[in-house]
Amino acid sequence: MSANTTPVAPDLDAIHARYLQERDKRIRPDGNEQYIEPTGKYAHFLDDPHTERVEREPLFDEVTVAFIGGGFAGLLTGAKLRQAEIDDVRIIEKGGDFGGTWYWNRYPGAQCDTAAFIYLPLLEETGHMPTEKYTHAPEILQHCRNIGAQFDLYDHALFSTEVTGLEWDDAAKRWIIRTDRGDKMRAKYIAMGTGPLHRPKLPGIDGINDFDGHAFHTSRWDYEYTGGDPGGARMENLADKRVGIIGTGATAVQCVPHLAQACGELFVFQRTPSSIDIRNNKPTDPEWFQTLEPGWQKKWLENFTTLQTGGFTDEDLVMDGWTDISQRIRDKLLSSPEPDLSPAGMLQAYHDSDDEKMVEVRARVNQVVEDEITAEKLKPWYRQLCKRPCFHDQYLQAFNEPGTHLIDTDGKGVERIDATGVWVNGEHYELDCLIFASGFEVGTSFERRSGFETTGRDGLTLSQYWEDGMRTLHGMNVHGFPNAFVVGPTQAANLISNIPHNLVEAGETIATIVAHAESIEAAEVEVTREAEDAWVALLEAGGRTFGGDPTCTPGYYNNEGREISPSQLRNTLGYPAGPVAYFEYIEKWRTTGDFEGLTFS
Ligand code: NDP
C-alpha cells in the first residue's frame with residue numbers, strides 16, 4: 001500500500017451476495033443421502049486397526065451399572081459413580097481401550113481444538129498438567145487411560161465388544177445387554193454415551209468402489225502403509241507416493257501439514273474450504289501450572305462457558321479462538337452508546353463482528369499462501385460459525401510446499417473415482433493412495449449411529465419412541481425406559497464449543513440419581529411422561545437449537561442445507577436460557593435431593 005492510500009472498506013453487500021452464491025452452488029437434493037456407509041471393499045474401515053480381537057467366553061453375569069461407550073462420557077460417569085461408591089461399573093466399548101474418539105482418531109497432527117485446561121476432564125483429580133495449550137492426541141488418549149486406571153474402571157470393562165441390543169426385563173427389573181461376543185449380561189442401570197461422531201461415512205462418489213490403490217478413512221489411519229506414528233514421526237513410506245485426500249474439514253486441516261511434509265505428491269481435493277484462524281499453541285509453563293488453586297478447573301470451565309455464550313466476566317482465563325469470537329460480539333454491542341441486548345440486537349452484533357473476522361481470515365490466506373490462485377481458492381465465503389471453525393498455524397502454509405496441490409472442485413465435489421485415481425473437472429489425478437477425510441454420521445437415526453436398538457417397557461424401542469424426535473428430561477431420562485440414561489449435550493446445555501463440560505455435569509447427575517436410588521433401595525427410577533412433556537415443551541418454546549442456519553453453506557451443522565423437520569429440530573434443542581443457566585439449574589436440581597420429574601419405586 002502506498003503512503004497516501006487509505007484502506008478500502010469491504011463491500012459487505014457484495015460479500016453477503018457471494019456467501020449466498022457459494023451456498024447455492026453446494027446445495028444438493030440428496031442432502032445427507034450423498035454419504036454412504038463403508039460397506040463391501042470398504043467394510044473394514046469400521047474395524048479396529050489398533051487392537052487385535054482376542055476370542056473369549058461369553059458373559060452372563062450382572063453388574064449395577066453398565067455404560068455403553070468408553071469415551072469421555074463413560075469415563076466421567078464411571079469416575080463419578082465410583083466416587084459415589086458404586087463399585088461394579090462396567091464400561092462396554094467396541095474399541096480395544098478407553099478413549100472413544102481419541103482411541104479411533106490417531107491421524108498425524110490430531111489435537112484438541114478447545115484449550116486442554118478445559119477440554120481434558122478431571123485434571124485436578126488426576127493431577128495431570130496438559131503439556132501444551134492444545135494437547136496432541138497421544139497425550140489425550142493416555143489421559144483417558146489414566147482416568148480408567150485411577151478410578152478402577154478397567155476392573156469390569158469389556159473392550160473389543162460391540163453392543164447389539166439392550167432390552168428391559170420388567171419382571172426382573174433389569175436390563176439385558178447382548179453383544180457381538182454372544183454375551184447376555186444384566187445390569188440394574190444402563191447409560192449410553194455413544195457420541196455422534198464415531199461412525200465413519202464416505203462420500204457417495206461415482207466409482208468409489210473401483211479404486212484399486214490403497215485407501216483408508218482418517219479415523220482408522222493406516223500407519224503400516226504410511227510409516228510414521230501418531231506422535232507425528234515422518235511418514236517415510238509416502239516419500240515416493242502420490243496421495244490424494246478427499247475432504248478439507250477439521251480433520252484434514254490437522255493432518256494435511258503432515259502429509260505435505262511426507263508425500264511425494266499430495267493432492268488435496270476440496271469442495272468447501274475451512275476457515276482457518278490463528279492457533280497460537282504453546283507449551284505449558286509448569287511453574288505457572290503450580291500456581292493454580294484447588295477448584296481451578298471448575299472455575300475455568302465456568303469462565304469459558306460464560307464468555308463463549310455471551311456472558312460477562314472480569315477476565316478471560318482461557319483466551320482462545322472461541323472466546324475471541326464472543327469477545328468481539330461483546331465489544332460490538334458495548335461500542336454502541338445504547339447497546340441493543342435483544343436477540344435481534346445480539347444477532348446484528350454477531351453479524352457485524354463476523355464480517356470483520358471473516359475479512360481478516362481471508363486476508364490471512366493471502367498473507368500466508370504464496371500462489372495467488374491457490375490463495376483465492378482457499379478463502380471461505382461464509383460466516384465463521386456456519387462450519388466448524390478451524391485454528392491452525394501450518395495448514396495454509398502446507399500449500400506452499402512444491403509437492404502439495406490444491407484441487408478445488410468449485411463446490412461440486414469430486415466427479416468420479418476409477419481404478420487408478422480421481423477425476424475433477426474432466427482431469428484425472430493418478431494416485432497410489434486415497435485418504436477419506438469425509439467425516440462421520442451425524443444426521444442419521446440414533447439406532448443407525450449407535451449400531452444397536454434399545455427396547456424399553458412393553459417392547460417399545462427407542463427408535464419408535466423417538467420417531468418424531470428426541471423426548472427426554474434433561475437430555476438424559478426417557479419415559480418408558482426405566483433405569484436408563486442417555487449422555488450427550490442435546491436437550492440439555494447443548495454446549496458445542498466444549499463437549500466435555502456437558503459430560504462432566506451429566507456424569508455427576510447420573511451418579512447422584514443412582515446413589516440416591518440405591519440408598520432408598522428403589523428398584524426403578526423413571527421420568528414421568530408429564531415431566532418429559534413439560535421439558536420438551538420448554539425447550540421447543542425457547543427454540544435454542546444448534547446450527548440450522550439456512551443461509552449457511554451446507555454441512556452437518558445445518559442438515560446439509562436442507563430444511564430441518566420438526567423431529568430433526570428436537571434432536572438439536574438446548575436449554576432456552578443457555579448453557580450457563582442449564583449448568584446452574586441442573587446442579588440445583590440434583591443437590592436439592594427432590595429429583596423433580598423422576599419417580600423412584
Ligand atoms: P467433516 O464432516 O467436517 O468434513 C468432511 C469433508 O469432506 C468436508 O470438507 C466435505 O466438504 C468433504 N466432502 C464430502 N463429500 C465430498 C466430495 N464428494 N468431494 C469432495 N469433498 C467432499 O469431517 P471431519 O472429520 O473433518 O470433522 C468432523 C468433526 O469432527 C468436526 O466438525 C469436529 O466436530 C470434529 N473434529 C474435532 C477435532 C478437534 O476437536 N480437535 C479435530 C477434527 C475433527 P463440504 O465442506 O463441502 O461438505
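**Close-up 1. Asn425 in a loop of the predicted model**.
Asn425 counts as exposed, because its relative accessibility is 51% and the exposed class begins over 50%. Find Asn425 in the loop between strand E15 (421-424) and strand E16 (427-430). Its phi is near 50°, a positive value in a residue other than glycine. Most residues other than glycine have a negative phi.

**Close-up 2. Asp152, another residue with a positive phi**.
Asp152 has a phi near 55°. Asp152 is not a glycine, yet the value is positive. The residue lies in the loop between helix H6 (137-150) and strand E4. Is Asp152 buried, partly exposed or exposed? Asp152 is partly exposed, because its relative accessible area is 34% and the partly exposed class lies between 20% and 50%.

**Close-up 3. Strand E4 and its two partners, E5 and E18**.
Start with strand E4 (residues 163-169) and strand E5 (residues 174-179). They pair in the antiparallel sense, over six bridges. One bridge joins Leu166 to Ile177 in E5. Four residues sit between the two strands of this hairpin. There, Lys173 takes a positive phi near 55°. Now turn to strand E18 (residues 453-455). In which sense do E4 and E18 pair? They pair in the parallel sense, over three bridges. Glu167 has Thr455 of E18 as its bridge partner. In a regular strand the side chains alternate between the two faces of the sheet.

**Close-up 4. Helix H2, largely enclosed**.
Helix H2 covers residues 72-83, twelve residues in total. From its first C-alpha to its last, H2 reaches 16 Å. That is close to the 16 Å expected at 1.5 Å a residue. How many residues of H2 are buried? Eleven of the twelve are buried, so H2 is largely enclosed by the rest of the structure. The buried residues include Phe72, Leu75, Leu76 and Leu81. Lys80 and Arg82 of H2 are buried too. An α-helix has 3.6 residues a turn, so residues three or four places apart point the same way. Just after H2, Glu85 takes a positive phi of about 65°.

**Close-up 5. The second largest pocket**.
This pocket has a volume of about 1,500 Å³. It is lined by 40 residues. Which residues are the closest to its centre? They are Gln308, Tyr350, Leu385, Arg544 and Thr545. Four helices each supply at least two lining residues: H10 (296-308), H11 (321-334), H12 (343-368) and H20 (579-592). H11 gives the largest share, six residues. By class, the pocket lining has 22 nonpolar, 14 polar and four charged residues. Domain 2 (62-199 + 445-600) and domain 3 (296-386) each give at least three residues to the lining.

**Close-up 6. The second largest cavity**.
The structure holds four cavities of 30 Å³ or more. The second largest has a volume of about 80 Å³. Among its 15 lining residues, Gly488, Ala492, Asn502, Ala506 and Tyr582 are the closest to the centre. Helix H17 (499-519) and helix H20 each supply at least two residues of the cavity lining. Which helix supplies the largest share? H17 does, with four residues. The cavity lining divides into nine nonpolar, five polar and one charged. H20 also supplies at least two residues of the lining of the second largest pocket.

**Close-up 7. Gly231 in a loop**.
Gly231 sits in the loop between helix H7 (223-226) and strand E9 (242-246). Gly231 is exposed, because its relative accessible area is 66% and exposed means over 50%. Along the chain, Gly231 and Phe267 are 36 residues apart. How many Å separate their C-alpha atoms? The separation is 23 Å.

**Close-up 8. Pro7, before helix H1**.
Pro7 lies in the segment before helix H1 (12-26). At 69% relative accessibility, Pro7 counts as exposed. His214 is 207 residues from Pro7 along the chain. The C-alpha atoms of Pro7 and His214 are separated by 50 Å.

Definitions and conventions
Residues numbered from 1 in each chain as written. Predicted model: local features only at pLDDT ≥ 70, side-chain atom pairs only at ≥ 80, totals over all residues. Heavy atoms only, no water. 1 Å grid on protein atoms, 1.4 Å probe; cavity = no way out; pocket = protein on both sides within 12 Å on 5 of 7 lines; lining within 4 Å. Points joined across faces, edges and corners; volume = space filled by probe spheres on them. Nonpolar A, V, L, I, M, F, W, Y, C, P; charged D, E, K, R; others polar. Domains from an automatic or database assignment. Buried < 20%, exposed > 50% of the residue type's maximum accessible area, 1.4 Å probe, protein only. Expected span 1.5 Å × (residues − 1). Pairing = 2+ DSSP bridges.
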